[in-house]
Amino acid sequence: MQAQAKDRSSLLANVLRLIIAAAVAGMLAAAVALPAVGGVGMTVKSATEGLQLTPEELDEPPLPEKSVLLDRDGDPIAQFYFENRESIKLDQVAPVMREAIVAIEDFRFYEHGPIDLEGTVRALAKNLSSGGVTQGGSSITQQYVKLVLFNKAETKEERAAATATTYSRKLTELRFAMALEKKYTKDQILERYLNISYFGAGAYGVQAASRRFFDKPASKLTLAEAATLAGAVQNPSVTDPNVNKASRKRLLDRRNVVIDRMYKIGKITPQEAAEARAKPLGWKDVDIPGGCQESPYPYFCLYVQYEILTNPAFGKSDSQRRRLLRNGGLTIRTTLDPKMQRASEKAIARYVDPTDDPVASQAMVVPGSGEIRAMAASRKFGASRKKKEISYNLPADRAHGGGAGFQAGSTFKVFTLLTALDQGMKVDDGLKAPNGYIAPSVSSFKNCKGRNVGEPTAPHPISNSSEGGGGFKSLSTGTWGSVNTFFVALEEKVGLCETVTMAKELGVKRADGTPLREFQTFTLGINEMDPVTLSNAYATIAARGEYCRPIAVTEVRDRYGKATKHKPKCKQVLDEEVADAASHILSGVFTKGTMSGVGGIGRDAAGKTGTTDNYTAAWFAGYTPDLASAVSLGDPRGAFANDLTGVTIGGTTWGYVYGATISGPIWKYSMMEALKGTDPTSFTPLNMERFGGCSTACAPKPPKKEKKEGEDGDGDGDDGDGDDWEEEDQTLPDQDGGIDQRWNDDVDFGDPITPIG
């Protein structure tokens with residue numbers, strides 16, 4: 001033992017001579033003091049050559065930094081991060097914080113080179129006497145090097161090597177430190193060190209730590225607070241205040257060590273030290289939310305997240321895009337309008353409770369740009385089944401984190417109407433609708449592959465409601481009454497494939513991403529939709545036939561401030577005057593149709609109710625020239641097993657739920673609130689010469705008869721308004737808020753395929 005101690009003492013003396021010689025020669029790099037290479041006869045030159053102590057450039061990848069989502073007003077609505085960090089400049093850090101970290105970590109930082117000679121000698125003596133590496137003696141520059149190497153490590157082995165207590169790692173650190181001291185000023189190195197360091201409680205960098213610990217920016221830190229953070233970096237896992245009382249006590253003790261150190265080296269007065277030591281820890285435990293679950297607008301946040309994760313513009317692979325979102329320090333400006341979002345949330349809450357089995361969801365889209373202004377749902381986003389939370393994006397399709405959606409019902413009749421107008425039919429043109437409908441032959445309907453579709457061996461009849469009759473219906477009256485048999489007959493006339501193609505031109509696709517189901521009941525809405533897609537399709541009509549891809553992001557600014565604009569992608573897919581004619585007809589839904597019991601919104605508006613076969617879902621989709629919106633209502637447990645009959649929604653029990661029962665009023669009141677302060681815009685008037693009246697398929701007039709007292713004088717028995725609309729079809733809303741069955745009520749029969757729940 002005595003021999004070992006003597007050898008160690010001799011070795012220490014030799015190494016110390018080497019350090020002093022190197023310092024005198026101005027070659028501080030040789031002062032690494034490694035016993036494995038020390039020796040009496042070693043010269044400075046041979047030592048530096050043997051140790052290869054030459055500066056080596058350090059690769060410094062950008063630090064992982066949180067990405068922030070902003071609404072269209074520039075206010076934050078969500079953030080994503082792998083490491084909660086917000087890099088700042090040194091002048092944004094309180095001077096007392098800079099003094100505290102230097103005092104405790106490397107008080108001679110501004111005086112020495114890549115390493116602290118005195119600190120290294122002191123640490124070396126301790127290590128040699130203990131027979132191992134027990135004391136660091138690293139400068140702030142060397143510590144920064146270690147943190148960079150650790151952060152860039154991708155494997156467990158690389159991370160272990162970056163923190164290994166070996167002399168070879170120290171030597172590597174020194175070579176990198178030499179280069180850094182030539183590349184940066186001391187202030188620049190300190191700035192990088194403060195931004196990269198971990199302080200505990202999930203906070204990386206001094207700014208995030210200051211907000212997490214004390215709910216303030218780093219520029220506002222007091223002496224006691226600065227000492228707390230400075231003390232935390234040595235061993236943040238031991239002093240993490242978020243763990244328990246014992247760890248907070250250790251952090252308090254560590255803070256006082258820093259205060260004492262600052263006093264000892266003359267940075268603070270005895271009185272300042274005493275006052276700082278007397279203060280409590282001051283741990284605020286400020287929650288730093290991350291991810292969409294913590295956002296006030298989780299469904300919209302999810303839409304943006306999936307937009308980025310699936311867009312090749314943000315990276316070639318999913319992993320690259322995910323890493324960019326969580327680590328890239330992006331500032332993402334979105335299209336969300338807080339006022340419109342609140343309007344949607346308020347209207348939904350008015351009619352549907354968060355604990356109801358059926359859920360309501362809504363999306364609002366701007367015609368002519370496709371910008372999504374709001375996405376809301378009656379259920380809270382989350383993973384708790386007990387609280388009936390929803391863990392997927394209710395208003396969106398599966399590609400944006402949503403589910404399979406709900407069958408859209410009679411909202412799809414609009415695409416058949418558009419096809420008829422596009423083929424030259426006028427607003428009063430029509431055909432005779434039977435009370436029940438069975439395709440006369442399988443070849444009456446062909447899909448877009450030219451194949452016959454239907455059920456020839458087991459025809460599935462399509463009916464109207466029990467009190468509603470057939471008879472001649474025009475494009476206008478058939479739409480206002482939402483007559484099933486009329487629209488199937490109309491679809492047969494204009495073509496199933498042509499109707500499907502029209503829907504696709506307006507951006508219609510199934511919520512689950514599978515191909516549209518092309519059957520004779522396509523016009524009755526057998527395909528499952530999501531509110532964003534349907535709202536955007538109706539927005540295309542509002543924009544006079546200009547389709548714009550739905551957009552949620554308008555600008556992405558990287559960590560360096562470089563901004564990339566994301567502009568709407570639009571194209572004209574429909575004749576403007578065809579869209580005007582459709583708006584003319586659909587406006588009547590509020591005054592003469594299935595929404596007459598609910599009423600309009602005090603400005604030009606058009607839309608369509610949608611109630612599915614067997615009441616499995618209820619919709620309303622509509623628009624003004626300034627804003628479009630779609631509202632769905634259905635049971636996420638499975639719409640076909642849990643239909644909307646005999647259900648309690650919003651505290652009211654409903655025998656049947658129609659499109660105008662709940663979805664219609666939600667649409668009405670949300671749109672009225674959302675458009676407050678927006679000057680009303682009128683629809684472009686119908687081109688009467690092209691679409692007014694009828695051509696050859698007009699309603700037949702009954703034979704002339706003698707005028708009787710009280711008649712309107714023209715002998716045809718109508719009301720004289722020129723639309724030949726049958727008075728017997730006009731009804732008032734039921735007392736339960738629905739529309740009387742004589743309206744046909746969008747009840748869609750005849751789905752020839754097995755529905756997907």
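Of the 757 residues of the protein chain, 55% count as buried, where buried means under 20% relative accessible area, exposed means over 50%, and partly exposed lies in between (1.4 Å probe, protein chains only). The model is predicted: local features need pLDDT of at least 70, side-chain atom pairs count only at pLDDT 80 or more, and totals for chains, interfaces and linings use all residues. Residues are numbered from 1 along each chain as its sequence is written, and side-chain values use heavy atoms, with hydrogens and water left out.

**The chain as a whole**

The protein chain exposes about 32,600 Å², and carbon and sulfur atoms supply 50% of that area; accessible areas come from the Shrake-Rupley method with a 1.4 Å probe, and for residues only the protein chains shown count as cover. The protein chain holds 23 helices and 23 strands. Helices (H or I, at least four residues) and strands (E, at least two) are DSSP runs, numbered from the N terminus. Among contacts in the protein chain between residues at least 6 apart in sequence, 72% join residues at least 24 apart; contact means heavy atoms within 4.5 Å.

**Sheets and strands**

Strands of a sheet pair through backbone hydrogen bonds, either parallel or antiparallel. Two strands are taken as paired if DSSP finds at least two bridges between them.

One open sheet is built from five strands in the order 2-1-6-16-17, with mixed pairing. Its edges are strand 2 (76–80) and strand 17 (563–565); each has a single partner strand, so one side of each is left without a neighbour in the sheet. On average, neighbouring strands of this sheet are turned by 20 degrees against each other, direction ignored. For such values, axes are lines fitted to C-alpha atoms, for helices over the stretch in contact, and angles run from 0 to 180 degrees between N-to-C directions.

Another open sheet has three strands in the order 3-5-4, again with mixed pairing. Strand 3 (84–85) and strand 4 (198–200) are the edge strands, each pairing on one side only. In the pairing of strand 4 with strand 5, G200 stands opposite A203.

Strand 7 and strand 8 form a hairpin with six residues between them, and G368 in the turn has a positive phi of about 90 degrees. Strand 8 is mostly covered, with six of its six residues buried. The table lists three antiparallel pairings.

| Strand pair | Bridges |
|---|---|
| Strand 6 (residues 331–334) and strand 16 (residues 553–557) | Four bridges |
| Strand 4 and strand 5 (residues 203–204) | Two bridges |
| Strand 7 (residues 359–365) and strand 8 | Five bridges |

Within the last of these pairings, V365 has I372 of strand 8 as its bridge partner.

**Helices 11 and 22**

Helix 11 (residues 245–264) has 20 residues, which at 1.5 Å a residue should span 28 Å; its end C-alpha atoms are 29 Å apart, which agrees. The expected span is 1.5 Å times one less than the number of residues. At the N-terminal end of helix 11, N244 acts as a cap, with a side-chain oxygen 3.2 Å from the backbone nitrogen of A246. G266, with a positive phi near 80 degrees, follows helix 11. The buried residues of helix 11 include L251, R254, R255, V258 and I259. These buried residues pack against helix 3 (95–105), helix 9 (206–214), helix 10 (223–232) and helix 12 (270–278).

For helix 22 (residues 659–674), the 16 residues should span 22 Å, and the end C-alpha atoms are 21 Å apart, which agrees. Helix 22 is mostly covered, as 13 of its 16 residues are buried.

**Three single residues**

N527 lies in the loop between helix 19 (496–505) and strand 14 (528–529). With 0% relative accessibility, N527 counts as buried. Its side chain reaches the backbone nitrogen of R517 at 2.8 Å, a polar contact, that is, a pair of N or O atoms within 3.5 Å; within protein, one must be able to donate a hydrogen and the other to accept it, and residues adjacent in sequence count only if both atoms are side-chain atoms. Leaving aside neighbours within four places in sequence, N527 is in contact with residues including F406, F412, R510 and F522.

T331 is found in strand 6, and its bridge partner in strand 16 is R557. At 30% relative accessibility, T331 counts as partly exposed. Beyond four places in sequence, T331 is in contact with V68, L70, E555, V556 and R557.

S695 is placed in the segment after helix 23 (688–691). At 42% relative accessibility, S695 counts as partly exposed. The C-alpha atoms of S695 and D428 are separated by 8.1 Å, although their positions lie 267 residues apart along the chain in the sense that they are 267 residues apart.
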